[in-house]
Amino acid sequence: MNRLGMMLAATAVLAASAACAEPPGARRDTFLQRQAFEEMQRVSGQVDVLQSNQEELAAKVREIARANGSSNGEIETLKAEIGGLKVQIASLRSEMQAMRGEIVKELTGKIQQIARQMTPPPPPPQPTRPQASGRFREYVVRPGDTLSIIAEACGTKVSAIKEANGLKGDMLRVGQKLKIPQ
């Protein structure tokens with residue numbers, strides 16, 4: 001298997017694994033990726049045909065040159081055809097490289113999107129040890145805490161927490177100590 005074939009196979013494996021991990025709403029993206037992969041295969045086939053044609057023409061040029069009885073015009077024509085094929089091959093390779101880059105970029109975006117969707121939410125706040133301070137216990141604010149989350153976790157109301165701590169707004173600071181009514 002040539003290097004291009006191995007790259008196409010690797011792209012197919014990436015596309016298949018991304019398709020398995022995608023949520024059901026991403027079927028259109030999977031379809032578009034499959035189309036891009038099939039287009040790359042088609043272009044790869046064209047490159048193979050052009051390379052084969054180039055090799056055949058090169059062999060003919062060598063044969064004609066050996067025969068030494070042919071005209072220089074035929075040799076020049078064949079050389080020109082070979083040059084044209086080389087240009088076509090370079091163009092197709094460039095097109096395939098661009099397509100490969102687009103597919104990699106799209107798959108990377110999909111993988112990142114899936115990874116973000118799979119990140120678990122932060123755990124609910126756990127109250128700190130109750131302090132022996134009468135009708136209140138102490139709670140230390142952690143990242144991601146809000147008054148409503150704390151109130152729910154501690155079995156009280158937001159308004160009761162605000163009143164017990166003299167809070168006028170909903171802003172909290174990480175590390176802030178709150179009195180939680182019992």
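In which helix does Leu-147 lie? Leu-147 lies in helix 4, and this residue is a convenient place to enter the structure, which is a predicted model.

The overall layout comes first. The protein has five helices and two strands, and along the sequence these elements follow the pattern α-α-α-β-α-α-β. Of the 182 residues in the protein, 28% are buried. Among contacts with a separation of 6 or more, 62% join residues 24 or more positions apart. The protein exposes about 12400 Å², and carbon and sulfur atoms supply 56% of that area.

Helix 4 spans residues 147-154. Its buried residues are Leu-147, Ile-150, Ala-151 and Cys-154. Viewed down the axis of helix 4, the buried residues fall within an arc of 100°, so they line one face of the helix. The cover over these residues includes strand 1 (136-140), helix 5 and strand 2 (177-181). Just after helix 4 comes Gly-155, which takes a positive phi of about 70°.

Helix 5, one of the elements in that cover, spans residues 158-165. How is its packing against helix 4 described? Two packed helices are described by the angle between their axes and the distance between the axes. For helix 4 and helix 5 the angle is about 105° and the axes are 8 Å apart. Angles of 65 to 115 degrees count as roughly perpendicular, and the two helices are therefore roughly perpendicular to each other. On the helix 4 side, the contact is made by Leu-147, Ser-148, Ile-150 and Ala-151; on the helix 5 side, by Val-158, Ile-161 and Lys-162. The residues of this contact divide into five nonpolar, one polar and one charged.

Leu-147 belongs both to the buried set of helix 4 and to the contact with helix 5. Is Leu-147 buried or exposed? With a relative accessible area of 3%, Leu-147 is buried, because the cut-off for a buried residue is under 20%. Leaving aside residues up to four places away in sequence, Leu-147 touches Val-158, Ile-161 and Lys-162, which are the residues of helix 5 in the helix contact. Leu-147 also touches Leu-167, Gly-169, Asp-170, Leu-172 and Leu-178. One pair in this set can be followed in both sequence and space: Leu-147 and Ile-161 are 14 residues apart in sequence, and their C-alpha atoms are 7.7 Å apart.

Definitions and conventions
Residues are numbered from 1 along each chain as its sequence is written. This is a predicted model: local features need pLDDT of at least 70, side-chain atom pairs count only at pLDDT 80 or more; totals for chains, interfaces and linings use all residues. Side-chain values use heavy atoms; hydrogens and water are left out. Axes are lines fitted to C-alpha atoms, for helices over the stretch in contact, and angles run from 0 to 180 degrees between N-to-C directions. Helices (H or I, at least four residues) and strands (E, at least two) are DSSP runs, numbered from the N terminus. Angles under 35 degrees count as roughly parallel, over 145 as roughly antiparallel, 65 to 115 as roughly perpendicular and the rest as oblique. Contact means heavy atoms within 4.5 Å. Ala, Val, Leu, Ile, Met, Phe, Trp, Tyr, Cys and Pro count as nonpolar, Asp, Glu, Lys and Arg as charged, and the others, Gly among them, as polar. Buried means under 20% relative accessible area, exposed over 50%, partly exposed in between (1.4 Å probe, protein chains only). The arc is that of the directions from the helix axis to the C-beta atoms. Accessible areas come from the Shrake-Rupley method with a 1.4 Å probe; for residues, only the protein chains shown count as cover.
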